[in-house]
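Visitor: I have a chain open on my screen and would like to talk it through with someone. Could we go over it piece by piece?

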Amino acid sequence: QVQLVESGGGSVKAGGSLRLSCAASGRTFSTYDMAWFRQAPGKEREFVARIAWSGRITYYGGSVRGRFTVSRDNAKTTVYLQMNSLKPEDTAVYYCAATASRSSNSYEYWGQGTQVTVSS
């Protein structure tokens, strides 16, 4: 069982930065691939970024590539999302998720989400 708790959300003006954190419980954190998703009101959930268990492989959604960076610290059982050059369209609830699968896009564990609001 893995429990995920996001933090770091808030309100920022366009062009600003935020860093989200996702703290995970459990001793098996380093065996999970971790990901960030977001969901804006009235829209479907959107993939943001994924990082492999080792931290050596990352993937990004097209709308955030070049602006967002995902990283992890397995010793602290925490995954991060550094968000730069934020735009109003980045406004959403951001969720972290964990999967034990190296190839699946299905995630077994989800956090409760943290709100990010970007004003113009």
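**Around Thr78**

Guide: Leaving aside residues up to four places away in sequence, Thr78 touches Ser21, Cys22, Ala23, Phe29, Arg72 and Asp73. Please keep in mind throughout that this is a predicted model.

Visitor: Where does Thr78 sit?
Guide: Thr78 belongs to strand β8, which covers residues 78-83.

Visitor: Is Thr78 buried or exposed?
Guide: Thr78 counts as buried, because its relative accessibility is 9% and the cut-off for buried is under 20%.

Visitor: And what lies 2.8 Å from a polar atom of the Thr78 side chain?
Guide: That is the backbone oxygen of Lys76.

Visitor: Two of the residues on your list interest me, Phe29 and Arg72. How is Arg72 placed relative to Phe29?
Guide: Arg72 lies over the face of the Phe29 ring, at 4.5 Å from the ring centre, and both residues are also among those that Thr78 touches.

Visitor: Changing topic, what is the secondary structure of the chain as a whole?
Guide: The chain has 0 helices and 11 strands, and 44% of its 120 residues count as buried.

Visitor: How does the radius of gyration fit with a compact globule?
Guide: The chain has a radius of gyration of 13 Å, and a compact globule with 120 residues would have one near 14 Å, so the two agree. Along the principal axes, the C-alpha atoms fill a box of roughly 40 × 25 × 25 Å.

Visitor: What share of the contacts is between residues 24 or more positions apart?
Guide: Counting contacts in the chain with a separation of 6 or more, residues 24 or more positions apart account for 55% of them.

Visitor: Let's look at some strands. How does β4 run relative to β5?
Guide: Strand β4 (residues 33-39) and strand β5 (residues 46-51) run antiparallel and are joined by 5 bridges; within this pairing, Trp36 has Ala49 as its bridge partner in β5. The two strands form a hairpin with 6 residues between them, and Gly42 in that turn has a positive phi of about 75°.

Visitor: What joins β5 to β6?
Guide: There are 3 bridges between β5 and strand β6 (residues 58-60), again in an antiparallel arrangement, with Ile51 standing opposite Thr58 in β6. This hairpin has 6 residues between its strands, and Gly55 in the turn shows a positive phi of about 85°.

Visitor: Now the aromatics. How many pairs are there?
Guide: The count comes to 5 aromatic pairs. In one of them, the ring centres of Tyr32 and Tyr109 are 6.0 Å apart with the planes at 75°, so the pair is edge-to-face. Tyr32 lies in the loop between β3 and β4, whereas Tyr109 lies in strand β10, 77 residues apart, and the pair thereby links distant parts of the chain. Tyr32 counts as buried at 11% relative accessibility, and Tyr109 is buried as well, with a relative accessible area of 18%.

Visitor: And how do the rings of Phe37 and Trp110 lie?
Guide: The centres of the Phe37 and Trp110 rings are 5.0 Å apart and their planes stand at 50°, so this pair is tilted. Phe37 is in strand β4 and Trp110 in strand β10, so the pair ties together parts that are 73 residues apart in sequence. Phe37 counts as buried at 10% relative accessibility, whereas Trp110 counts as partly exposed at 31%.

Visitor: What else surrounds Phe37?
Guide: Phe37 forms one aromatic cluster with Phe47, Tyr107 and Trp110, and the charged end of Arg45 sits over the Phe37 ring, 5.5 Å from its centre.

Key. Residues numbered from 1 in each chain as written. Predicted model: local features only at pLDDT ≥ 70, side-chain atom pairs only at ≥ 80, totals over all residues. Heavy atoms only, no water. Pairing = 2+ DSSP bridges. Helix = DSSP H or I, 4+ residues; strand = E, 2+ residues; numbered from the N terminus. Phe/Tyr/Trp six-rings, centres within 6.5 Å; stacked < 30°, edge-to-face > 60°. Buried < 20%, exposed > 50% of the residue type's maximum accessible area, 1.4 Å probe, protein only. Lys NZ or Arg CZ within 6 Å of the ring centre and 35° of its normal. Polar contact = N/O pair within 3.5 Å; in protein donor to acceptor, adjacent residues only side chain to side chain. Contact = heavy atoms within 4.5 Å. Rg over C-alpha atoms; globule rule 2.2 N^0.38 Å.
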